[in-house]
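Q: Could you give me a close look at one part of this model, starting from a single residue and working outwards? I'd like one connected account that I can follow on the screen.

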Amino acid sequence: MYRLTLSIKFKSSKMQIKIIPFQLKHANAFKKLNLNWLDRYFYVEEKDKELLEKCKESIIDIGGYIFLAEADNKIVGCFSLIPFGSNIFELGKMAVDPNFQGYKIGQQLLTFAIDFARQQNWKAIVLYSSTKLDTALHVYRKYGFKEVELEKEVPYARSDIKMELNLVNT
């Protein structure tokens, strides 16, 4: 249904990256990719557990989406889009396998997310992040995300920045 095939340079050979929609068989890969970066930079919070342990119920069943990057029949990246407000979705749980980082797979996932949101005629995409993640913040800014006011009650303790990409009139 939502399938995009991308070709990127990986080492000295070409590797095909397919961005595919979530299926239940991908739940463990989605969880593992996210636990990897959470354990590396932060810790797993209750909200993480809810989204990762029951991703179908807590994301898909409430009208959200999960997409995955696949290379050579292996899931190497992922992200989710979770309903946030009236025609606004939160970009979350974006991760790339450490063995595949540095090859712009995250940027390809982000491009796909933005294109998908535009096709759905959404107003905006929001995200929560941490100022400790310089590289991620640089990429978000490069793709047009702007810092907006952070609420007093945030979904994650690690969140000290909120960004938004306005999709109306862009």
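A: Happily, and please keep in mind throughout that this is a predicted model. Let's start at Asn 121, which is exposed, with a relative accessible area of 59%. Asn 121 sits in the loop that runs between α4 and β6. Its backbone deserves a glance too: phi is positive, at about 60°, although the residue is not a glycine.

A second asparagine makes a good companion. Asn 87 belongs to the loop between β4 and β5, and its phi, near 65°, is again a positive value in a residue other than glycine. With a relative accessible area of 32%, however, Asn 87 is partly exposed.

Now follow β6 away from the first loop. The structure holds 14 aromatic pairs by the ring-centre rule. One of them joins Phe 84 to Tyr 128: the ring centres are 6.3 Å apart and the planes meet at 55°, so the pair counts as tilted. Phe 84 is in strand β4 (residues 74-85) and Tyr 128 in strand β6 (residues 124-129), so this pair links distant parts of the chain, 44 residues apart. The partners are not equally accessible, since Phe 84 is partly exposed at 36%, whereas Tyr 128 is buried at 12%.

There is also an aromatic cluster to pick out. It is formed by Tyr 65, Phe 67, Phe 79, Phe 89, Phe 112, Phe 116 and Trp 122.

What does β6 contribute to besides the ring pair? Together with α1 (27-41), β5 (88-96), α4 and α5 (134-142), β6 gives two or more residues to the lining of the largest pocket, whose volume is about 920 Å³. Both elements that flank the loop of Asn 121, α4 and β6, are therefore on that list. The largest share of the lining comes from β5, with seven residues. In total 37 residues line the pocket, and those closest to its centre are Met 94, Ala 95, Leu 133, Ala 136 and Tyr 140. By class, the lining comprises 20 nonpolar, 10 polar and seven charged residues.

While you have the aromatic rings on display, look at Arg 158 as well. Its charge lies over the face of Tyr 156, at 4.3 Å from the ring centre. Arg 158 also lies over the face of Phe 42, here at 5.8 Å from the ring centre.

Last come the cysteines. A search of the whole structure turns up zero disulfides. For Cys 55 the reason is distance: the closest cysteine sulfur, in Cys 78, is 9.5 Å away, which is too far for a bond, given that a disulfide needs the two sulfur atoms within 2.5 Å. Seen from the other side, Cys 78 is in no disulfide either, and its nearest cysteine sulfur is that of Cys 55. Cys 55 counts as buried because its relative accessibility is 3%, and Cys 78 counts as buried at 0%.

Conventions: Residues numbered from 1 in each chain as written. Predicted model: local features only at pLDDT ≥ 70, side-chain atom pairs only at ≥ 80, totals over all residues. Heavy atoms only, no water. Buried < 20%, exposed > 50% of the residue type's maximum accessible area, 1.4 Å probe, protein only. Phe/Tyr/Trp six-rings, centres within 6.5 Å; stacked < 30°, edge-to-face > 60°. Helix = DSSP H or I, 4+ residues; strand = E, 2+ residues; numbered from the N terminus. Lys NZ or Arg CZ within 6 Å of the ring centre and 35° of its normal. 1 Å grid on protein atoms, 1.4 Å probe; cavity = no way out; pocket = protein on both sides within 12 Å on 5 of 7 lines; lining within 4 Å. Points joined across faces, edges and corners; volume = space filled by probe spheres on them. Nonpolar A, V, L, I, M, F, W, Y, C, P; charged D, E, K, R; others polar.
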